[in-house]
Amino acid sequence: MSIEKTTRLKVALLGNPNAGKSSLFNHLTGLNQKIGNFPGVTVDKKVGTSKISDNLYAEIIDLPGTYSLYPKSLDEQIVLDLLHSKKDPASPDLLLVVIDASTFKRNMLLFTQIRDLGFPVILVLNMLDLAEQHGIKIDPLKLEKELNVPIVAINARTGAGIRELKAAIACPVHTPPESYYKPGPLASGIISEVKESFSLENDYQAILLAHQYDNMRGLPQKEKEELARLVKKWSFDSKGFQSKETIARYDVITRILKETVEEKSVDDKELTSTKIDRILTHKVFGYLIFFFILLVLFQSIFAWASFPMDLIDGGIAWINGALKQNLPSGPFTDLLTDGLIAGLGGVLIFIPQIAILFAFIAVLEESGYMSRVMFLMDKLMRPFGMSGRSVVPLISGVACAVPAIMSTRSIENWKERLITIFVTPLMSCSARIPVFTILIALVVPEVDLLGFINLQGIVLMGLYLIGFLSAILSGFVMNKILKNKQRSFFIMELPSYRIPRWKNVGLTIYEKVKTFVLEAGKVIVAISIVLWVLASYGPGDIETNAVTEIRREQPELVESTPDFDNAVAGKKLEMSYAGQFGHFIEPVIRPLGFDWKIGVALITSFAAREVFIGTMSTIYSVGDSGDDEATIKQRMKEEINPKTGGPMYTPALAFSLLIFYLFAMQCMSTLAIVRRETKGWTWPMLQLIYMTGLAYGLSFITYHLFS
């Protein structure tokens, strides 16, 4: 068969997890990649374009890793959904089955199943060098003759063999295969009827339909009912058949290995990976080392991100200032600078944290350590509906929930991933720190306990612990509520330790940052503009009315002075739609001890929690900047409760406000990324309702407890 005349070929990469598919994908596509979505499924697929020859380009699809065509997770189901019929327009033209040569026998189960589906296949042998270290020597020529498929040996880490692979893709040799597995006479009846009813030519496709029809998302209900009828008619024992098939396939694989693979004992030479694992997966030292690495990761996100974040913040401020100076004043300039540019800055400022976090994660994954972390933490996380794969997102959430939620893509199980996404925003992120520090400083005395422990620091640490406990307890509840047929098995072969491939690290960072800026950024900027409009406009001429009101209320202020302008700005905010809304919701938030001014701050800080300080600064007319925390703290201390005549910010109110900010989902960036990750608004809205309800209820209890 020649496909040289085809201008665009669809090629799918398949294989066991950690077989080297993603590295091969990066070699074939470089930066020509994009993230897509499998139709009807909330799991991403990576697609890239590769130039195979002068006349041929290929669309490369990187499919999730799977051990067989009997899926146990949503990711694995995608592979079967894509391959269940060659007549499906979405079916690939050619399959590249990537095999880790060091675990050759286990990888061959998937290969024989895929080959029996009748697709054109190229077997890609990766990590031959590692296989030799394990005492496994494969003869590719003998193997190619035995399997009757083209075989290309590559090194996905160095790129060796990529040219030969492209040559094989350009001109694949495909002959109708002889099935490795023959079902036998007991299944011949159902096979014949399924083939006839669904116009199939391949026996194994018919068997898989009979096995998996109930879980296949692409099958219409009518066809599922027909398959159910056939299964019942022929008394098809799906589980028993699967077991017999697996045994039969391994019999064939064992025979092939005897002819083509030479194995030597390496007992006398312990592998380096085994020696390292004795320390890194130790039941005591393993956890200590892991938490030390997390500490370094956490500190790095704060320490290294601050400088580029300041640069981005300064750059946005400079652009804003330049535009305000050079453009005529008016609503358009205000919208451009205070709405659009400010909203864009709110997106771009997260890039350093995202880049650093995913750089660490990519290095840990590339080196093989991440698999050990998941192994260590899996047992501890199970009672809370999560697994070892949830640890990194939860810890990352302390820095910022946005990149943390993006990192949940490594969680294969749908339920565990959803729970992790749902509870991660409960971890106290860095955006809460400005709110925490000013409220703690307002009501908690700065005294030392035992001579060296700061009371304010203990309260701050307590807030972080409350956030962590609420996250795992929420996970526990969700684990009881969510029903999922998909059982969770933590099956992972620990890969050998390797030096990270820096090109892959760079591509990972590029891909994650690009996804965040393009996908979440659109929503963030849109909501920023809406908030700007609500805070800038109101019924009537609020500009004139605000000046008139300040002249009447504070005649001692001199016009055109900073104090007068700040007072007018505060009055304008009160008269704006946002201010009106603050008054409107005041009856609702009054039981928490909040007044309309705090209500306005709650609304505006929905854009980002740290906006609370700037909003309170404007309301109390102490300047445009939220940096002057000492001044805003003093004004808040002096604020009088008109009903009691005492201080407005009592410990009861401050603790109530702290609890509200600890739990409330006041971060549209997080909502946007949850929508991006779950492919819909259902879960972000449930998250918003749950966290807001939790914040309200616990704030109410806190306020009345301390009053």
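This is a guided tour of a predicted model, going from one selection to the next.

**The whole chain**

Begin with the protein chain in full, coloured by secondary structure, where 30 helices and 11 strands can be found. Of the 707 residues in the chain, 51% are buried. If you turn on contacts between residues at least 6 apart in sequence, 74% of them join residues at least 24 apart.

**Helix 1 and helix 6**

Select residues 21–29, which form helix 1, together with residues 162–170, which form helix 6; the axes of these two helices come within 11 Å and cross at roughly 80°. That angle makes helix 1 roughly perpendicular to helix 6. To see where the two meet, display Leu24, His27 and Leu28 from helix 1 alongside Ile162, Leu165 and Lys166 from helix 6.

**Threonine 66**

Move next to threonine 66, which sits in the loop between strand 4 (56–62) and helix 2 (74–83). Is this loop residue buried or exposed? Threonine 66 is buried, since its relative accessible area is 0%, and the cut-off for buried is under 20%. Its side chain reaches the backbone oxygen of serine 68 at 2.8 Å, a distance that can be displayed directly in the viewer. With the neighbours within four places in sequence left aside, the residues in contact with threonine 66 are Gly15, Asn16, Pro17, Glu76, Val79 and Leu110.

**Two serines with positive phi**

Most residues other than glycine have a negative phi, and the next two stops are to be read against that background. Select serine 199, in the loop between helix 7 (188–198) and helix 8 (203–212), where phi is near 55°, a positive value in a residue other than glycine. With a relative accessibility of 43%, serine 199 counts as partly exposed.

Then go to serine 235, in the loop between helix 9 (221–233) and helix 10 (238–260). Serine 235 also has a positive phi, of about 50°, although it is not a glycine. This serine is exposed, with a relative accessible area of 63%.

**Helix 11, seen down its axis**

Select residues 272–280, which make up helix 11, and colour the buried residues Ser273, Asp277 and Leu280. Looking down the axis of helix 11, you will find that these buried residues fall within an arc of 70°, so they line one face of the helix. On the face turned away from that buried side, helix 11 carries the exposed residues Thr272 and Arg278.

**Alanine 305**

In helix 12, which runs over residues 285–326, pick out alanine 305. At 0% relative accessibility, this alanine counts as buried. The C-alpha atom of alanine 305 is separated by 7.3 Å from that of isoleucine 356, although the two residues are 51 residues apart along the chain. Apart from neighbours within four places in sequence, alanine 305 is in contact with Ser300, Pro352, Gln353 and Ile356.

**Helix 18 and helix 30**

Now show helix 18 (residues 414–423) with helix 30 (residues 682–706), whose axes come within 10 Å and cross at roughly 45°. The two helices are therefore oblique to each other, and their crossing is right-handed. On the helix 18 side, the residues to display are Leu418, Ile421 and Phe422, which meet Trp683, Leu686, Gln687 and Tyr690 in helix 30.

**Helix 22 and helix 23**

For another helix pair, select residues 542–553 (helix 22) and residues 562–575 (helix 23), which pack at an angle of about 120° with their axes 8 Å apart. Helix 22 and helix 23 are therefore oblique to each other, and they make a right-handed crossing. Residues of helix 22 that take part include Ile542, Ala546, Val547 and Ile550, while those of helix 23 include Phe564, Ala567, Val568 and Met575.

**Threonine 670**

End the tour at threonine 670, which lies in helix 29 (residues 668–678). Threonine 670 is buried, with a relative accessible area of 3%. Which residues does threonine 670 touch, not counting those up to four places away in sequence? They are Ala401, Val402, Ile405, Pro425 and Met665. A last distance to display is that between the C-alpha atoms of threonine 670 and proline 684, which are 14 residues apart along the chain and separated by 8.6 Å.

Technical notes: Residues numbered from 1 in each chain as written. Heavy atoms only, no water. Helix = DSSP H or I, 4+ residues; strand = E, 2+ residues; numbered from the N terminus. Buried < 20%, exposed > 50% of the residue type's maximum accessible area, 1.4 Å probe, protein only. Polar contact = N/O pair within 3.5 Å; in protein donor to acceptor, adjacent residues only side chain to side chain. Contact = heavy atoms within 4.5 Å. Arc of directions from axis to C-beta. Axes fitted to C-alpha atoms, helices over the stretch in contact; angles between N-to-C directions. Parallel < 35°, antiparallel > 145°, perpendicular 65-115°, else oblique. Left-handed = near helix turned anticlockwise from the far one by under 90°.
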